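Here are a few exercises to work through at your own pace. Have the viewer open, try each task, and then compare with the worked solution.

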Amino acid sequence: MDLEFLQTVDPQILVGVAVAVVAIGIGAIFLFSSKKSRGCLDPENFRDFKLVKRTQLSHNVAKFTFALPSPTSVLGLPIGQHISCRGKDSQGEEVLKPYTPTTLDSDLGHFELVIKMYPQGRMSHHFREMRVGESLAVKGPKGRFRYQPGQVRAFGMLAGGSGITPMFQVARAILENPKDQTKVHLIYANVTHDDILLKEELEVLASRYPDSFKIYYVLNQPPEVWNGGVGFVSKEIIQTHLPAPAADIQVDS
Ligand SMILES: Cc1cc2nc3c(=O)[nH]c(=O)nc-3n(C[C@H](O)[C@H](O)[C@H](O)COP(=O)(O)OP(=O)(O)OC[C@H]3O[C@@H](n4cnc5c(N)ncnc54)[C@H](O)[C@@H]3O)c2cc1C
């Protein structure tokens, strides 16, 4: 590029232009980061988020992907907290139920819910009927759980059925943070093998972080070939598969 013309420009103008460019750059970074940190949730008012994808994971479980206002937006949900979703049951009555997204604020532009739909469930009806292009009313963040990276040496988690979603969210946040050395031990109980939610995602985490993440599945009605636990979660199972109690150990269920 021919820069000779710069020598003919008044240096004061050049400095002025340079200052303006830097100022615009800083302004843009500030605007972007403040927008990013603000998040899209309102704790007082419901906000609508459009369903952009629906993936059926089993006969009664589906993953719902909702778009955020822009591809760089974050939901703004602290780790371990949940959102309140508003829908209508089969009678047209309003229903409010809590759900924990399986995505984190490192996932930009969208958030996901994995929902188990019960035949008689009121909010289940709303999700069963929901189609791509429709919006879900969401309020939050909700919940008192707080997690600081490295706050404990090991985390014992005990989950059953759809109770896995908050555990999955916290486990992902810990394991995907290279500065967090916390070990995660999860016992996950279900009735049958088909009931295990997020199995693929959990297996990916376990194979990616073999030294930091251990899962022990317990099934009440196991298949013929099964190397996990059988029946209900017992004291022995907890003693064997969760870290022993200590000041720097946290156990949640
Ligand atoms: C913090 C928090 C986070 C949650 N996150 C998720 C999530 O990410 N994904 C998700 O799918 N759910 C999640 N849940 C559960 C969710 O809030 C609802 O309870 C669930 O979707 C059922 O609501 P419903 O209105 O369809 O059923 P309801 O109308 O409340 O229940 C009707 C019938 O459905 C059956 N049923 C309902 N819930 C259960 C259950 N847990 N086990 C067995 N049978 C049941 C029962 O037969 C019950 O009588 C979460 C709950 C909490 C407290």
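The exercises below go from the overall fold to the strands, and then to the ligand; please keep in mind that this is a predicted model.

**Exercise 1. Take stock of the whole chain: how many helices and strands does the protein have, and what share of its residues is buried?**

Step 1: Go through the secondary structure, which comes to 6 helices and 11 strands.

Step 2: Turn to burial, where a residue counts as buried if 20 or more other C-beta atoms lie within 10 Å of its own. Of the 253 residues, 24% are buried.

Step 3: Look at contacts between residues at least 6 apart in sequence; 73% of these join residues at least 24 apart.

**Exercise 2. Find the domains and describe how they touch.**

Step 1: The domain assignment gives domain 1 (47–142) and domain 2 (154–252). Their centres, taken over C-alpha atoms, are separated by 24 Å.

Step 2: In the contact, domain 1 takes part with 11 residues and domain 2 with 12 residues. On the side of domain 1 that touches domain 2, there are 5 nonpolar, 5 polar and 1 charged residues.

Step 3: Compare with the record. UniProt, in an unreviewed entry, places "domain: FAD-binding FR-type" at residues 44–148. Over residues 44–148 the chain is 8% helix and 45% strand, with its end C-alpha atoms 25 Å apart.

**Exercise 3. Trace the strand pairing through Phe64: which residues stand opposite Phe64?**

Step 1: Start with β1 (residues 47–58) and β2 (residues 61–67), which run antiparallel and are joined by 6 bridges. These two strands, β1 and β2, form a hairpin with 2 residues between them.

Step 2: Here Arg54 stands opposite Phe64 of β2.

Step 3: Move on to β5, which pairs with β2 in the antiparallel sense over 7 bridges. In β5, Leu113 is the bridge partner of Phe64.

**Exercise 4. Explain why the ligand lies between the two domains.**

Step 1: Gather the shell: 20 residues surround the ligand, and the closest are Tyr118, Gly121, Met123, Ser124 and Thr165.

Step 2: Sort the shell by class, which gives 9 nonpolar, 8 polar and 3 charged residues.

Step 3: Ask which elements contribute. At least two shell residues come from each of β4 (94–99), β5 (110–116), α3 (122–129) and α4 (164–175).

Step 4: Draw the conclusion: because domain 1 (47–142) and domain 2 (154–252) both give residues to the shell, the ligand lies between them.

Definitions and conventions
Residues are numbered from 1 along each chain as its sequence is written. This is a predicted model: local features need pLDDT of at least 70, side-chain atom pairs count only at pLDDT 80 or more; totals for chains, interfaces and linings use all residues. UniProt positions are given in the numbering used here, feature names are shortened, and annotations may be inferred rather than shown by experiment. Helices (H or I, at least four residues) and strands (E, at least two) are DSSP runs, numbered from the N terminus. A residue is near a molecule or strand if its C-beta atom, placed from the backbone, lies within 6 Å of it. Ala, Val, Leu, Ile, Met, Phe, Trp, Tyr, Cys and Pro count as nonpolar, Asp, Glu, Lys and Arg as charged, and the others, Gly among them, as polar. Domain bounds come from an automatic or database domain assignment. A residue is buried if 20 or more other C-beta atoms lie within 10 Å of its own, exposed if 12 or fewer, and partly exposed in between; C-beta atoms are placed from the backbone. Two residues are in contact if their C-beta atoms, placed from the backbone, lie within 7 Å. Two strands pair if DSSP finds at least two bridges between them.
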